[in-house]
Amino acid sequence: MHELKAMMAGSVWEVYVKVGDKVEEGQDVVILESMKMEIPIVSDVSGTVKEVRVSKDDFVNEDDVLVVLE
């Protein structure tokens with residue numbers, strides 16, 4: 001299992017993946033909005049999405065788990 005976490009607090013702007021999707025290393029999976037900036041959350045490994053723990057417009061804190069890959 002590999003967890004993709006928020007690097008900073010912010011709102012979920014967009015979620016690009018759903019459970020079962022194949023993800024490649026370097027692929028954007030979530031976009032956060034913080035301080036009027038869009039921050040891409042990029043997968044640092046390849047794998048299959050096991051869980052998506054956020055939805056559009058959710059607020060997340062730094063280190064919250066956004067997506068779990070297997």
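Select Val67 and show its surroundings. Leaving aside residues up to four places away in sequence, Val67 touches His2, Glu3, Leu4, Val17, Val29, Val30, Val49 and Glu51. Keep in mind while looking that this is a predicted model.

Val67 is also among the residues with the most contacts inside the largest nonpolar core, which has 16 residues. Add the others in that group to the selection: Val29, Val30, Leu32, Val60 and Leu66. Then colour E4, strand E5 (37-42) and E8, because each of these supplies at least two residues of the core. In soluble globular proteins, nonpolar side chains tend to be buried together.

Next, switch to a cartoon view and stay with E8. Strand E8 covers residues 65-69 and pairs with strand E6, residues 47-52, in the antiparallel sense. There are 3 bridges between E6 and E8. To find one of the bridge positions, select Val52, whose partner in E8 is Val67.

Widen the view to the sheet around this pair. What is the order of its strands? The sheet is open, has 4 strands and runs E1-E8-E6-E3, with antiparallel pairing. At its edges stand strand E1 (2-5) and strand E3 (22-23). Each has a single partner strand, so one side of each is left without a neighbour in the sheet.

Now go to Ser34, in strand E4, residues 28-34. Is Ser34 buried or exposed? Its relative accessible area is 10%, so Ser34 counts as buried. Draw a distance from its side chain to the backbone oxygen of Ala9, and the value is 3.0 Å. Beyond residues up to four places away in sequence, Ser34 touches Met8, Ala9, Gly10 and Ile39.

A second serine to select is Ser43, in the loop between E5 and E6. Ser43 has a relative accessible area of 2% and is therefore buried. Which residues does Ser43 touch, not counting those up to four places away in sequence? They are Leu4, Val23, Glu24, Glu25, Gly26, Gln27, Val29 and Leu69.

For an exposed residue, move to Phe59 in strand E7, residues 59-60. Phe59 counts as exposed because its relative accessibility is 56%, and exposed means over 50%. Phe59 touches Ala9, Gly10 and Ser11, again not counting residues up to four places away in sequence. Two of the residues named for Ser34, Ala9 and Gly10, appear here too. Now add Val49 and draw the distance between the two C-alpha atoms: Phe59 and Val49 are 21 Å apart in space and 10 residues apart in sequence.

Finish with the charged pairs. How many salt bridges does a search of the whole structure find? The search finds 4. Side chains of opposite charge can pair when their charged atoms come close. Three stops follow, with the distance between the closest N and O atoms given for each.

- Select Glu3 and Lys5, a salt bridge at 4.0 Å. Glu3 is partly exposed at 38% relative accessibility, and Lys5 is partly exposed at 39%.
- Select Lys18 and Asp21, a salt bridge at 3.2 Å. Lys18 is exposed, with a relative accessibility of 55%.
- Select Arg53 and Glu51, a salt bridge at 3.0 Å. Arg53 is partly exposed at 41% relative accessibility, and Glu51 is partly exposed at 30%.

Glu3 and Glu51 also lead back to the starting point, since both are among the residues that Val67 touches.

Notes. Residues are numbered from 1 along each chain as its sequence is written. This is a predicted model: local features need pLDDT of at least 70, side-chain atom pairs count only at pLDDT 80 or more; totals for chains, interfaces and linings use all residues. Side-chain values use heavy atoms; hydrogens and water are left out. A salt bridge is a side-chain nitrogen of Lys or Arg within 4 Å of a carboxyl oxygen of Asp or Glu. Buried means under 20% relative accessible area, exposed over 50%, partly exposed in between (1.4 Å probe, protein chains only). Two strands pair if DSSP finds at least two bridges between them. A polar contact is a pair of N or O atoms within 3.5 Å; within protein, one must be able to donate a hydrogen and the other to accept it, and residues adjacent in sequence count only if both atoms are side-chain atoms. Contact means heavy atoms within 4.5 Å. A nonpolar core is a set of buried Ala, Val, Leu, Ile, Met, Phe, Trp, Tyr and Cys residues joined through side-chain atoms within 4.5 Å.
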